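Trainee: Hey, got a minute? I'd like to go through this structure with you.
Mentor: Sure, pull it up and ask away.

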Amino acid sequence: MTPQHPPVIVGAGPAGIRAAQALVRHGRRPVILDEAPRAGGQIYRQPPAHFQRTKKTLYGFEAARADAVHGAMADIIDHVDYRPNTLVWNAEGGQLDLLHQGRTSSIAYAQLIVATGATDRVLPFPGWTTPGVYTLGGAQVALKFQACAIGSQVAFLGTGPLLYLIAYQYARAGATVAAVLDTARLGDQVAALPGLAAQPALLAKGMYYVTWLRAHGITLHGGVRPIQVLGNTRVEGLRWADARGEHALACDAIGFGYALRSETQLADILGCRFRFDTLQRAWLPERDVAGRSSVPGVYLAGDGAGIMGADAAEWAGERAALALLSDTGHTPSVADTARAARLEAQLATTTRFRTGLERAFPFPAEWAAQASDELIICRCEEITVGDLRRTAATTGATEINRLKALCRVGMGRCQGRMCAVAASEILAHCTGRPVEQVGRLRGQAPIKPIPFASAPSEVLTQQQEAA
Amino acid sequence: MKVKHLTDVAIIGGGIVGTSAALALRQMGLSVVLLESGQCGARSSGVNYGGVRRQGRSLVQMPLTQRAHSIWGRLQQLIGIDGEYLRSGHLKLARSEADMASLERYLQLTEPFGLELQLLGTSALREQFPWLGAIAVGGSLCPQDGHANPRLVSPAFARAAARAGAQIHEQCHVTEMGHGGPGFFVRADSGLELHSRFLLNCAGAWAGAIAQRFGETVPMVSSHPVMAVTEPLGMFMSLSLGVEGGGIYARQAPRGNCVIGGSQGYALDADRARPSRDAITQVLQRSVELMPALRHAHIIRTWSGTEGYLPDREPVIGPSATTPGLLHGFGFAGAGFQIGPAVGQVLAELVRDGVSSTPIDAFSISRFTSPKPSVSDSRPPPACEPVDSGTFSPTHAT
């Protein structure tokens with residue numbers, strides 16, 4: 001961490017962009033590394049430059065916010081070292097390892113803001129690997145980035161606010177939404193109202209989507225349990241059940257997900273300390289109210305450090321940048337201090353709101369008990385629920401990394417992004433322990449796969465000479 | 001909560017050596033308690049490359065490696081799973097005429113031991129293994145060597161030992177140990193207290209500290225071989241691949257993933273190790289030189305482990321020079337996976353009979369404590385010497 005190195009921000013979503021903006025405002029020139037070709041993150045993902053659709057059609061209500069975030073990035077573009085299409089795949093000794101255009105390289109950082117975002121939290125159900133089944137996030141990417149729908153008769157399944165937002169976006173974009181099937185019950189949402197009232201605007205938006213969907217004749221069901229995807233080579237429908245019994249729904253695509261999970265691998269490789277978050281039912285890197293991790297010089301912001309949503313990501317990004325500045329010799333002005341306090345207050349409100357959301361869209365706690373032995377958990381390695389249960393029973397494995405070593409779950413291309421949540425739930429359930437006690441999959445480089453041909457040829461030569 | 005145990009043998013370390021010793025001792029009818037600070041077979045024994053090879057070993061290891069070879073032949077019977085063990089052949093490649101000459105010399109030296117090595121010239125190599133890069137100009141094939149999955153095999157040894165009646169305590173940290181009266185005492189943080197006639201030091205890279213407690217200093221250092229694995233690929237290689245002079249080794253698992261090892265990582269703390277970026281880079285580059293078809297494949301995961309190395313790269317196996325009843329089995333220099341089960345049997349024989357039926361004199365701990373080291377003199381010439389750099393560099397992780 002030498003002073004001549006710049007601060008580096010990983011991720012150009014709402015958190016990363018607002019962090020960069022705050023740094024630029026205070027005279028710093030950060031490096032922004034982002035895997036995507038254009039800034040905005042998943043939530044404000046931009047289509048390729050030549051696509052013509054307006055922000056209003058792409059983002060709906062979020063158009064103004066998307067505009068503001070994209071605008072903030074446009075404003076600072078000449079004052080940052082922005083590197084799109086750049087994957088951070090490892091960290092070691094104050095440097096990040098990058099993959100850009102098929103080549104690896106390293107970059108040293110003085111401080112680091114980790115804003116790595118989130119992916120869908122996946123809980124498999126019978127038939128989920130049938131072509132035509134997508135995650136909710138995947139369904140949204142198809143729409144925002146490529147202006148494609150995943151099908152012409154789409155069912156949305158799972159739980160969380162994203163379920164209704166994406167159904168709304170699909171319907172607005174002209175796709176037929178066959179139904180929205182929520183595993184949460186209406187009662188959950190009513191019980192959650194006091195918490196949700198912490199952010200009335202977001203609550204109103206959520207209710208608007210529901211009302212809009214109903215008004216447009218789209219059926220919404222709560223308390224749902226998915227039973228089976230119909231169709232062998234392609235989605236032809238979905239069997240599901242609720243308190244009234246079993247039902248069949250015709251559809252040609254399914255988007256599903258159970259809220260989001262944080263992308264914490266980089267924080268893990270950086271050595272950040274983790275703690276179990278009972279609300280999010282996940283191991284998350286520790287951070288203080290300003291976003292400082294347990295590792296000096298490493299700051300955490302946005303959904304990558306714990307799911308708080310896009311607005312909170314903007315606030316957390318800016319707050320982390322202010323913390324970075326005050327930790328590195330910048331004496332905060334009165335305005336900075338006031339701003340920091342304001343951001344912290346907004347984040348605290350969001351935390352209350354998230355508590356409400358988790359009550360409104362609870363994790364389906366009975367999922368592990370109901371999962372059948374034949375259900376595929378890890379699609380990379382084709383590992384079933386039964387494989388996990390048998391391995392745990394015959395080997396006595398009680399910890400998720402051990403289970404991985406013994407039966408390959410989480411060993412495939414996605415490195416547990418898709419399967420770790422579900423595998424942990426199964427292991428916890430079949431060994432009769434709380435899910436935090438089965439631990440978390442260790443982060444291992446590369447964070448995402450890297451090609452053999454990516455290595456710079458000069459490294460070997462230099463080392464041979466040195467030897 | 002204090003629990004006192006009397007046992008014939010206490011074993012520290014649940015790697016492949018300690019657990020196979022436990023299994024062998026139980027088969028002899030002796031009582032065994034094994035203490036493992038983490039999980040059995042989860043360190044070097046479980047995260048190594050998975051080579052099950054005799055080729056490349058020093059001459060003094062030949063009797064031991066041959067004994068291990070026959071144990072591996074009965075693996076399924078012994079541990080209840082096949083462990084993905086394949087006698088697929090081990091091919092050691094030459095990159096130059098000098099390499100070829102040293103492979104030839106190795107073949108002659110090892111002739112009496114029956115490894116059945118076959119030398120392959122450039123054209124035979126191209127014909128049989130068309131996927132090899134131009135860098136390989138010849139090789140030496142050991143048809144009955146092979147590879148296995150260490151993360152399955154090593155924990156299975158522990159389970160087999162437990163089924164045979166060994167008492168195994170995982171997540172159990174030894175806090176105190178010593179020799180007094182009729183035997184040993186060992187205390188652990190769990191409250192467990194063992195009293196035993198014999199103590200087996202099978203603690204891998206951490207075994208030096210135990211030897212030290214009994215007044216025996218060994219010049220062991222830790223190093224961290226780096227492994228990388230690809231996504232599953234179409235099967236193109238069944239054998240395990242090594243290179244004369246070291247630097248890289250590769251095999252393809254039945255699932256199709258290529259496991260590639262080489263270079264060294266770094267210690268994260270006393271227990272954990274990680275691949276360094278330079279090591280990963282080297283593995284990527286050397287893989288492509290050796291197997292150009294991998295050029296467009298991806299590595300999806302890397303890892304490392306902590307392994308003990310003595311200056312002569314031979315292990316310490318046998319009785320303590322200071323304390324009767326203390327037996328050592330450690331320091332395998334990244335090559336303990338294949339011989340581990342044989343070492344376990346040897347340690348069990350030493351407990352029961354006081355002698356080993358397989359020669360182990362070369363591995364005595366006294367070579368570091370007595371004035372004249374003798375082992376290095378009997379080692380064969382460069383065939384299994386590390387040559388990839390001037391610094392200390394383990395290259396033969398199995």
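Mentor: One term before we start: two residues are in contact if their C-beta atoms, placed from the backbone, lie within 7 Å. Also keep in mind that this is a predicted model.

Trainee: Okay. In chain A, what share of the contacts with a separation of 6 or more comes from residues 24 or more positions apart?
Mentor: That share is 68% for chain A.

Trainee: And how many helices and strands does chain A have?
Mentor: Chain A has 15 helices, plus 23 strands. Its radius of gyration is 22 Å, and the globule rule gives 23 Å for 467 residues, so chain A is as compact as a globular protein of that length.

Trainee: How much of chain A is buried?
Mentor: Buried residues come to 50% of the 467 in chain A. If you want a feel for the dimensions, the C-alpha atoms fill a box of roughly 65 × 55 × 40 Å along the principal axes.

Trainee: What about domains, where do they fall in chain A?
Mentor: The domain assignment puts domain 1 at 8-119 + 261-330, domain 2 at 122-258 and domain 3 at 367-438.

Trainee: How many residues are in contact between domain 2 and domain 3 of chain A?
Mentor: Five residues of domain 2 of chain A touch nine residues of domain 3 of chain A. On the domain 2 side, those residues are four nonpolar and one polar, with no charged ones. The centres of these two domains are 26 Å apart, taken over C-alpha atoms.

Trainee: Switching to sheets. In what order do S4, S5 and S6 of chain A sit?
Mentor: The order is S4-S5-S6, in an open sheet with antiparallel pairing. S4 and S6 of chain A are at the edges with a single partner strand each, so one side of each has no neighbour in the sheet. From one strand to the next, the twist averages 30°.

Trainee: How many bridges are there between S5 and S6 of chain A?
Mentor: Six bridges, with S5 (residues 95-100) and S6 (residues 103-108) of chain A running antiparallel. Leu98(A) stands opposite Ser105(A), and Leu96(A) stands opposite Ile107(A).

Trainee: Which residue in that S5(A) and S6(A) hairpin takes a positive phi?
Mentor: That's Gln101(A), with a phi near 50°; the hairpin has two residues between the strands.

Trainee: Now the S13-S14-S15 sheet of chain A: which strands are at the edges?
Mentor: S13 (225-230) and S15 (245-250) of chain A are the edge strands, each pairing on one side only. The twist there averages 20° from one strand to the next. S13(A) is joined to S14 (residues 237-242) of chain A by five antiparallel bridges, and Gln228(A) has Arg239(A) as its bridge partner.

Trainee: Last topic, chain B. How many residues does each chain bring to the contact?
Mentor: Chain A brings 25 residues and chain B brings 32. In chain A, H15(A) gives the most, with four residues. The side of chain A that touches chain B has 13 nonpolar, eight polar and four charged residues.

Trainee: And which strand of chain B does S23(A) pair with?
Mentor: S23(A) pairs with S19 (residues 298-304) of chain B, antiparallel over two bridges. There, Pro451(A) has His298(B) as its bridge partner.

Trainee: Great, thanks!

Key
Residues numbered from 1 in each chain as written. Chains lettered and ligands numbered in written order. Predicted model: local features only at pLDDT ≥ 70, side-chain atom pairs only at ≥ 80, totals over all residues. Rg over C-alpha atoms; globule rule 2.2 N^0.38 Å. Buried ≥ 20, exposed ≤ 12 C-beta atoms within 10 Å, placed from the backbone. Nonpolar A, V, L, I, M, F, W, Y, C, P; charged D, E, K, R; others polar. Pairing = 2+ DSSP bridges. Axes fitted to C-alpha atoms, helices over the stretch in contact; angles between N-to-C directions. Domains from an automatic or database assignment.
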